[in-house]
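Student: Please take a close look at the salt bridges of this structure. I should like a connected account that also covers the surroundings of the residues concerned.

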Amino acid sequence: MTLIYMRNVEGKPNRRALTAPLVCDKEYIHTGFEWDGSSVPWLFQGFFPRHRHPVASCRHDFRCGKAKNKAERAYADKQFEIDVSKTSWK
């Protein structure tokens, strides 16, 4: 189980920030890193909350921010699916 320590970002209701480092692949996402949760189409926001999978969405945004090409972006998307499957209640 991976624990995440985060807080709401004042003045930015859809953003969260880490209050402790988070492991991602073989490195750490630094304290203070901000992300906006999972993008959910407006129609489904009531059913799928933006911050339902905070570890997966934080890691995804971090990987996407570092991606230099389509292959690295595809890797970020695939890892997001894997992270969600580990924290889902399905």
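**Salt bridges and their surroundings**

Tutor: A search of the whole structure yields 8 salt bridges; the model is a predicted one. In general terms, side chains of opposite charge can pair when their charged atoms come close.

One of these salt bridges joins the side chains of Arg15 and Glu34, with an N to O distance of 3.1 Å. Arg15 belongs to strand β2 (residues 12-18) and Glu34 to strand β5 (residues 34-35), so this pair ties together parts that lie 19 residues apart in sequence. Arg15 has a relative accessible area of 26% and is therefore partly exposed. Glu34, at 27%, is likewise partly exposed.

Both strands belong to an open sheet of 3 strands, which has the order β1-β2-β5 and antiparallel pairing. Strands β1 (6-9) and β5 form the edges, each pairing on one side only. Strands β1 and β2 run antiparallel and are joined by 4 bridges. Within this part of the sheet, Arg7 stands opposite Ala17 in β2.

A second salt bridge concerns the helices. Arg59 pairs with Asp83, and the closest N and O atoms are 3.3 Å apart. Arg59 lies in helix α1 (residues 54-66) and Asp83 in helix α2 (residues 70-87), so the pair ties together parts that are 24 residues apart in sequence. Arg59 and Asp83 are both buried, whereas Arg15 is partly exposed. The contact between Arg59 and Asp83 also belongs to a network of salt bridges that links Asp25, Arg59, Arg63 and Asp83.

The setting of Arg59 and Arg63 is helix α1, in which 10 of the 13 residues are buried. Among the buried residues are Arg59 and Arg63, together with Cys58, His60, Phe62 and Cys64. The length of this helix can be checked: at 1.5 Å a residue, its 13 residues should span 18 Å, and the end C-alpha atoms are 18 Å apart, which agrees. His53 is placed in the loop between β5 and α1. His53 counts as buried because its relative accessibility is 12%, and buried here means under 20%. His53 and Ser85 are 32 residues apart in sequence, while their C-alpha atoms are 9.8 Å apart in space.

Helix α2 holds a further salt bridge, between Asp77 and Arg73, with the closest N and O atoms 3.1 Å apart. Both residues lie within α2 and are separated by 4 residues, about one turn of the helix. An α-helix has 3.6 residues a turn, so residues three or four places apart point the same way. Asp77 counts as partly exposed at 30% relative accessibility, and Arg73 is partly exposed at 40%.

Helix α1 also takes part in aromatic contacts. The whole structure contains 2 aromatic pairs. In one of them, the ring centres of Phe33 and Trp35 are 6.5 Å apart and the planes are at 10 degrees, so the pair is stacked. Phe33 and Phe62 form an edge-to-face pair, at 5.8 Å centre to centre and 85 degrees between the planes. This pair links distant parts of the chain, since Phe33 is in the loop between β4 (27-29) and β5, while Phe62 is in helix α1, 29 residues apart. Phe33 is buried at 14% relative accessibility, and Phe62 is buried at 11%. Phe33, Trp35 and Phe62 thus form one aromatic cluster.

Terms used: Residues numbered from 1 in each chain as written. Predicted model: local features only at pLDDT ≥ 70, side-chain atom pairs only at ≥ 80, totals over all residues. Heavy atoms only, no water. Salt bridge = Lys/Arg side-chain N within 4 Å of Asp/Glu carboxyl O. Helix = DSSP H or I, 4+ residues; strand = E, 2+ residues; numbered from the N terminus. Buried < 20%, exposed > 50% of the residue type's maximum accessible area, 1.4 Å probe, protein only. Pairing = 2+ DSSP bridges. Expected span 1.5 Å × (residues − 1). Phe/Tyr/Trp six-rings, centres within 6.5 Å; stacked < 30°, edge-to-face > 60°.
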